[in-house]
Amino acid sequence: MFFSALLSRFLPALTKKKKRLEPDWKTLEQILGFAIRDKEYYRLALIDPSTTASGNGGKRAAGRSKMTSNDNNDRLEFLGDSIIGAVVSETLYRTYPNSPVGALSEQKAKIVSRKIGDTIAKRMGIDGLIQHSSENFLAKDAPGNALEAIVGAIYLDRGFDFAHQFVNHKMLGIYREIRETQPDLGTNFKNKLIEWGLKHKCTVEFCLIAHAPGPRGYFVSQVFIDNQPMGHSKGSTKKGSEQGAAKLALEAIESDKDFLESLQHNGLKQEEVLQNVDAGSCCLQNAISSRDAMPISK
């Protein structure tokens with residue numbers, strides 16, 4: 001009698017805990033647009049690596065007797081990333097038959113970028129399904145990682161055709177909506193500026209000119225093209241500040257048709273100044289040498 005009372009007291013709590021660890025299957029199937037066959041793939045796809053990180057207090061995922069380094073979505077993310085890349089490449093190839101490889105690669109890099117992936121995942125509602133340890137912060141790119149892992153799970157559960165349809169219709173459909181409202185999202189301005197520099201044989205350098213540490217810290221980076229200061233930008237990360245500076249530099253280049261000519265002119269002037277400085281230094285050295293020279297005895 002006592003045992004039955006004790007069991008009835010603690011059993012609901014244990015059941016409730018297990019349910020909290022179970023993904024919301026109904027919501028996930030609405031996102032996917034089809035019925036799930038093998039839930040284990042998707043359960044794994046929604047387990048963030050923070051759950052299996054060291055120091056998690058030995059917490060277990062639903063249906064798992066022991067947590068290991070493979071009990072998270074890392075491996076599925078690896079698989080899904082490759083599938084997304086293949087589908088996006090095929091779609092771009094068929095959509096733009098006359099585009100050169102460089103333009104296709106640039107477009108693909110933007111679509112599969114971390115920012116675009118995270119934004120698509122959040123719009124789908126995947127961020128609300130991720131399981132993670134309360135002792136570790138959820139990384140800001142966790143939604144995009146989970147989305148890639150889900151694509152890997154779809155491939156293993158229902159095959160390539162289902163994965164292709166999910167990427168081509170669901171993911172790329174949301175990407176087109178993002179492109180209309182946030183056309184710059186996912187663009188790597190730093191890479192674009194470096195490529196421009198290589199094309200026009202100009203040196204491109206990024207310098208950190210200010211930094212404030214702490215929770216409200218910031219970074220300020222400035223870009224130099226052939227030693228000429230261009231745009232500078234402030235961001236919460238060094239990478240973000242460099243992206244902002246590169247964007248401003250590209251905008252300045254695009255708005256000034258004579259930019260290259262003026263850059264070459266400034267470069268020649270700077271070279272002339274340096275030559276004059278070198279010549280002046282040489283004359284001064286000769287004068288000092290003559291003054292300090294020992295007199296020749298007769």
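**Exercise 1. Where is the place of Pro-213, in terms of strands and loops?**

*Solution.* Before we start: this is a predicted model, where local features need pLDDT of at least 70, side-chain atom pairs count only at pLDDT 80 or more, and totals for chains, interfaces and linings use all residues. Residues are numbered from 1 along each chain as its sequence is written, and side-chain values use heavy atoms, with hydrogens and water left out.

Step 1: Helices (H or I, at least four residues) and strands (E, at least two) are DSSP runs, numbered from the N terminus. Pro-213 sits in the loop that joins strand E1 (204-212) to strand E2 (218-225).

Step 2: Now its cover. Buried means under 20% relative accessible area, exposed over 50%, and partly exposed in between (1.4 Å probe, protein chains only). With a relative accessible area of 68%, Pro-213 is exposed.

Step 3: Pick a partner along the chain. Ser-236 is 23 residues from Pro-213, and their C-alpha atoms are separated by 9.9 Å.

**Exercise 2. Work out the order of the elements in the protein.**

*Solution.* Step 1: Count them up, and you get 11 helices and 3 strands.

Step 2: Read from the N terminus on, and the run is α-α-α-α-α-α-α-α-α-β-β-β-α-α.

Step 3: For the overall cover, 36% of the 298 residues count as buried.

**Exercise 3. Check the length of helix H7 and say how enclosed it is.**

*Solution.* Step 1: The expected span of a helix is 1.5 Å times one less than its number of residues. H7 (residues 142-158) has 17 residues, so it should span 24 Å.

Step 2: Compare that with the model: the end C-alpha atoms of H7 are 24 Å apart, which agrees.

Step 3: Of those 17 residues, 14 are buried, so H7 is largely enclosed by the rest of the structure.

Step 4: Look just past the end. Gly-159 follows H7, and its phi is positive, near 100°.

**Exercise 4. Find the residues that UniProt marks as "binding site" and decide whether they are gathered or scattered.**

*Solution.* Step 1: The unreviewed UniProt entry puts this feature at Glu-77, Asn-145 and Glu-148. UniProt positions are given in the numbering used here, feature names are shortened, and annotations may be inferred rather than shown by experiment.

Step 2: These residues span 72 residues in sequence, yet no two of their C-alpha atoms are more than 6.0 Å apart, so they gather at one spot.

Step 3: From this set, Glu-148 belongs to the lining of the largest cavity. On a 1 Å grid over the protein atoms alone, a cavity is a set of points where a 1.4 Å probe fits but cannot get out, and lining residues have an atom within 4 Å of a point.

Step 4: Asn-145 is in helix H7, and at 13% relative accessibility it counts as buried.

**Exercise 5. Go through three salt bridges and say what each one joins.**

*Solution.* Step 1: A salt bridge is a side-chain nitrogen of Lys or Arg within 4 Å of a carboxyl oxygen of Asp or Glu. A search of the whole structure turns up 6 salt bridges.

Step 2: Arg-43 pairs with Glu-40, their closest N and O atoms being 2.6 Å apart. Both are in helix H3 (residues 39-45), and being 3 residues apart they are separated by about one helical turn. Arg-43 is buried at 10%, while Glu-40 counts as partly exposed at 28%.

Step 3: Arg-114 pairs with Glu-148, with 3.6 Å between the closest N and O atoms. Arg-114 lies in helix H6 (residues 114-124) and Glu-148 in helix H7, so this pair ties together parts that are 34 residues apart in sequence. Arg-114 is partly exposed at 32%, and Glu-148 is buried at 8%.

Step 4: Lys-190 pairs with Glu-242, the closest N and O atoms being 2.8 Å apart. The pair links distant parts of the chain, 52 residues apart: Lys-190 is in helix H9 and Glu-242 in helix H10 (residues 238-255).

**Exercise 6. Which residues other than glycine have a positive phi near 55° or near 70°?**

*Solution.* Step 1: Lys-201 has a phi near 55°. Lys-201 lies in the loop between helix H9 (189-199) and E1, and is exposed at 77%.

Step 2: Asn-227 has a phi near 70°. Asn-227 is in the loop between E2 and strand E3 (228-235), and is partly exposed at 47%.

Methods: On a 1 Å grid over the protein atoms alone, a cavity is a set of points where a 1.4 Å probe fits but cannot get out, and a pocket is an open set with protein on both sides within 12 Å along at least five of seven lines; lining residues have an atom within 4 Å of a point.
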